[in-house]
Amino acid sequence: MNSKLFHNAQLVNEGSVTRGWLMTEGDKIARIGHGDIPAGLTADEITDCGGAYLIPGVIDTHVHFRDPGLTEKADMATESRAALAGGVTSFIDMPNTKPATVSMEAVEGKMARAAEVSEANYGFFIGATNDNLDQLLRADYSRVAGIKLFLGSSTGNMLVDDNNTLDTLFAKAPALIAVHAEDEAIIRSSRDRLTAEHPEGIPVEMHPDVRPREACIAATRHAIDLAERNSARVHICHISTADELQLIAEAKARGVKVTAETCPQYLMFDRNDFLRLGARIKCNPAIKEPADRIALLRELRPGGVIDTIATDHAPHLPAQKEGNALTAASGMPMVQFSLPAMLDLASSDPDAEGLDIARIVELMCHAPARLLDIDRRGYLREGYYADLVIVAPVAMPGRRITDADVVSRCGWTPLDGRTLGWEVRRTLVNGGNGPGPLSFRAGK
């Protein structure tokens with residue numbers, strides 16, 4: 001059985017950072033120790049980490065790898081390689097592909113595709129529609145991460161706007177419900193008003209007005225109400241406003257089973273950046289005000305409202321990102337740079353108080369594994385799968401990111417020209433034995 005020994009590392013796990021060593025055997029972590037490696041301990045491969053940080057592989061619970069049906073933008077092969085380049089060893093793909101992943105058969109088809117081409121561990125959400133409750137109730141939630149619910153418009157027939165369907169879903173759902181929370185009626189009203197005011201085309205910097213904060217607040221309030229009335233588990237995806245944080249904090253205090261996700265783009269940019277970056281930062285929900293960015297950063301601290309960080313990685317070709325607030329595609333690639341970007345924020349942003357590498361590992365590794373009850377991943381523990389990442393600070397002035405660095409098929413990044421002070425040096429999936437499907441424990 002192939003073994004690997006990593007030593008002279010700063011092990012980051014469960015809130016602590018300690019100098020030590022870690023040994024793998026096959027696809028599992030076999031032994032972990034502090035200080036120097038014991039005399040006589042050896043392995044087939046020995047790596048001196050040189051004082052760099054050894055962390056569990058990142059679990060990105062929110063990606064759009066565009067496979068099947070949208071593969072001109074990206075596919076599981078290209079995007080899983082981008083994930084590994086960024087220290088992401090496991091991903092959970094969303095269902096708004098073509099066709100949409102709204103049945104167990106469709107999930108199995110994506111699993112088969114991933115088994116052929118993915119270079120990272122893989123899992124999938126099943127999508128809710130107005131008429132597929134029977135499929136959701138029959139799904140195998142040891143193989144499916146959970147249910148994705150769109151309360152705002154999306155690719156395909158996946159907007160769920162029937163109140164009876166929503167009540168039944170939340171009452172009977174046997175798994176976590178992950179919600180895209182934007183109110184479609186509010187968005188439609190804003191879009192119609194702004195279209196009338198700007199007949200020549202709504203400028204892209206007005207995207208936060210086309211999809212306003214009120215749409216997020218209303219939908220998040222609705223999702224919390226549904227979860228509270230039905231004792232369901234709900235996860236609010238890609239939170240972009242301070243108001244939603246307040247709603248979730250109050251709901252948690254009442255005992256509602258609600259968790260919160262945000263993404264690096266909402267922590268790195270605000271609406272002023274549209275003037276510099278244009279549609280490169282156009283995404284749904286829209287990036288909001290400077291005060292929202294600061295509020296989100298502050299809720300990353302221990303005890304804060306935000307539970308997980310994911311990317312909402314959503315690549316488009318450059319030509320598809322051209323246009324105005326209505327015609328330019330929404331979404332951006334983030335999976336390759338999410339970990340170094342978050343480490344850079346922790347090191348450099350004065351509003352990121354309480355955010356350090358141990359907290360980032362909690363938000364991007366430990367908490368995602370707990371959220372979806374993923375079997376033996378997300379931690380540095382003996383007997384767990386050996387998904388490992390070596391990360392380290394970069395010598396000043398840091399590493400300048402350019403579009404040429406991008407592994408994703410789309411070939412661009414909103415971080416083009418930005419300097420990051422951290423880098424991923426090595427990513428190991430299952431001890432170097434190749435990826436596999438994620439397993440989700442029963443009893444959600």
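**Reading helix α5, strand β10 and two buried residues**

Q: In this predicted model, which residue caps the N-terminal end of helix α5?

A: Asp 183 is the cap: one of its side-chain oxygens is placed 3.1 Å from the backbone nitrogen of Ala 185.

Q: How does one check the span of α5 against its number of residues?

A: One multiplies 1.5 Å by one less than the number of residues. Helix α5 covers residues 184-197, which is 14 residues, so a span of 20 Å is expected. The C-alpha atoms at its ends are 20 Å apart, in agreement with that value.

Q: Which residues of α5 are buried, and where do they lie around the axis?

A: Buried means a relative accessible area under 20%. In α5, Glu 184, Ile 187, Ser 190 and Leu 194 are the buried residues. Because they span an arc of only 125° around the axis, they are on the same side of α5. Their cover includes α6 (207-210) and α7 (213-230).

Q: How should the two faces of strand β10 be read: buried or exposed?

A: One takes the residues of each side in turn. In β10 (residues 147-150), Ile 147 and Leu 149 belong to one side, Lys 148 and Phe 150 to the other, and all are buried. Both faces are thus covered.

Q: Which strands are joined to β10, and by how many bridges?

A: Strand β9 (residues 126-127) runs parallel to β10 and is joined to it by two bridges. Within this pairing, Gly 127 is opposite Lys 148. Between β9 and β10 the chain passes through helix α3 (residues 133-138), forming a right-handed β-α-β crossover. Strand β11 (residues 177-180) is also parallel to β10, with four bridges between the two. There, Ile 177 is the bridge partner of Ile 147.

Q: What surrounds Ile 177 in β11?

A: Contact means heavy atoms within 4.5 Å. Setting aside residues up to four places away in sequence, Ile 177 touches Ile 147, Leu 149, Leu 169, Phe 170, Arg 233, Val 234 and His 235. Its relative accessible area is 0%, so Ile 177 is buried. Ala 232 is 55 residues away from Ile 177 in sequence, yet their C-alpha atoms are 7.9 Å apart.

Q: Why does Thr 78 count as buried, and what does it contact?

A: The limit for buried is under 20%; Thr 78 has 7% relative accessibility and therefore counts as buried. Thr 78 is located in helix α1 (residues 76-85). Its side chain makes a polar contact of 2.5 Å with that of Glu 79. Beyond neighbours within four places in sequence, Thr 78 contacts Val 407 and Arg 409.

Definitions and conventions
Residues numbered from 1 in each chain as written. Predicted model: local features only at pLDDT ≥ 70, side-chain atom pairs only at ≥ 80, totals over all residues. Heavy atoms only, no water. Buried < 20%, exposed > 50% of the residue type's maximum accessible area, 1.4 Å probe, protein only. Polar contact = N/O pair within 3.5 Å; in protein donor to acceptor, adjacent residues only side chain to side chain. Pairing = 2+ DSSP bridges. Right-handed = clockwise from strand over helix to strand, strands pointing away. Arc of directions from axis to C-beta.
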